[in-house]
Amino acid sequence: MSPQNIAVIGAGISGISISKMLTEEGKNVTLFERNDEIGGLVKCNRIQDNLFHLVGGHVFNSKNPEVLDWFWKYFDKDREFLVAKRNAKIYLDDRFVGYPIEDHLYELPPITVAKIIQELLEPILDPEINNFEQFLLKRFGPTLYKLYFKPYNSKLWNCDLSLVPIDWLNGKLPMPDNKEIILNNIFRRQDVSMVHSNFYYPKEDGSQFIVNRLSEGLDIEFNSQINSLTFNSGKWILNGGKEFDSIVYCGDIRELNKICFLDSVSVELNSLNELRSNGSSNLFCESDPTDISWMYIPEEKFKAHRIIYTGNFSDTNNRGSDRITCVVEFPGIQELELMSEEIKKLPGNLKV
């Protein structure tokens, strides 16, 4: 028999979505959230009536028909969403270059372009690629690697890129071949397969609108910190009390081994301690008008690595300001004072 009583831990977008799917299948689902609000990593707050994406700036897109069919069951695409075309830039050497950089080589200095094209035309003598660094070097050549890919990714991930396994890249980056790169530059065209080349965004309240809608009708227990998961007589037991047939864990995966007490899976859970991550500190700001949606900042002289102009996603995100709003992202844990000083170095007359 399939499990009927299911506990879902974590009321972010993953927990909300799987709870909705399981409820559709007739399961009895209880969703546990340790905070007093839903949203997790896609949570948004209104600050003086401006919308702050606490972690990045989340949009919706998918090329999977099943995902699209399921998602749009709950929303009116035309009435409740805007569709936008991504306009991303790289801030490099005090000017803007199109993104992805390999499709906008013509915007770089001619001597730099000549080096990059020469490297793209050279045959790869050793095709074996085992890590992220090797992939970037052999895919784009040393010049483009040193100019953009190394400084940006080293800043973003805060680790030696040679330690990132090649399997991690699957589905995360566009993979144009050298012919495509050269043709894209000749014809001044952008790779439409790029992630978020087009996306949907709610007219009101951003990604918080999405989780709020999907959570309707769900049984959610707020302020419910799960401290222990045990298994006995075919049942999962939460915090030594409530019993469930099955559990779906959608919390911080690095926390799972601290709460799950089960000898048969202890080795697998302990391996979670080895997972690497690098979080971000995000500063909510006002900016001068721009048509940019995402701006990448690779140079080491800047602490920030990206600006997401969420105010350009929907006018309602800027209701409390006569300027547009944005989220400035800094890798790792940063103090407010440092971030407030750092934004003075960036374009747009940014103000916290």
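## Around Glu 329

Leaving aside its neighbours within four places in sequence, which residues is Glu 329 in contact with? In this predicted model, the list runs Gly 56, Ser 281, Asn 282, Ala 304, His 305, Arg 306 and Ile 308.

Glu 329 sits in strand β17 and is buried, with a relative accessible area of 3%. One of its partners, Arg 306, also meets Glu 329 side chain to side chain, through a polar contact of 2.7 Å.

## Helix α6 and its bend

Take a look at helix α6, which covers residues 142-157. A straight helix of 16 residues would span 22 Å, but α6 spans only 20 Å between its end C-alpha atoms. There's a bend of about 40° at Phe 149, and Pro 151 follows within four residues. Just after α6 comes Asn 158, with a positive phi near 55°.

Plenty of α6 is tucked away: the buried residues are Thr 143, Leu 144, Tyr 145, Tyr 148, Phe 149, Pro 151, Tyr 152, Asn 153, Lys 155 and Leu 156. Those buried residues pack against several elements, including α4 (110-121), α5 (132-140) and β17 (324-331). Strands β6 (88-92), β15 (294-296) and β16 (306-308) are also among the packing partners.

## Cysteines

The disulfide count comes to 0. Why is Cys 44 not bonded to Cys 326? Cys 326 has the closest cysteine sulfur, but that sulfur is 15 Å from the one in Cys 44, so the pair is too far apart for a bond. Cys 250 is in no disulfide either, as the nearest cysteine sulfur, that of Cys 260, is 15 Å away.

As for exposure, Cys 44 counts as buried at 6% relative accessibility, while Cys 250 is partly exposed at 24%.

Technical notes. Residues are numbered from 1 along each chain as its sequence is written. This is a predicted model: local features need pLDDT of at least 70, side-chain atom pairs count only at pLDDT 80 or more; totals for chains, interfaces and linings use all residues. Side-chain values use heavy atoms; hydrogens and water are left out. Helices (H or I, at least four residues) and strands (E, at least two) are DSSP runs, numbered from the N terminus. The expected span of a helix is 1.5 Å times one less than its number of residues. The bend at a residue is the angle between axes fitted to the seven residues ending there and the seven starting there. Buried means under 20% relative accessible area, exposed over 50%, partly exposed in between (1.4 Å probe, protein chains only). Contact means heavy atoms within 4.5 Å. A polar contact is a pair of N or O atoms within 3.5 Å; within protein, one must be able to donate a hydrogen and the other to accept it, and residues adjacent in sequence count only if both atoms are side-chain atoms. A disulfide is a pair of cysteine sulfur atoms within 2.5 Å.
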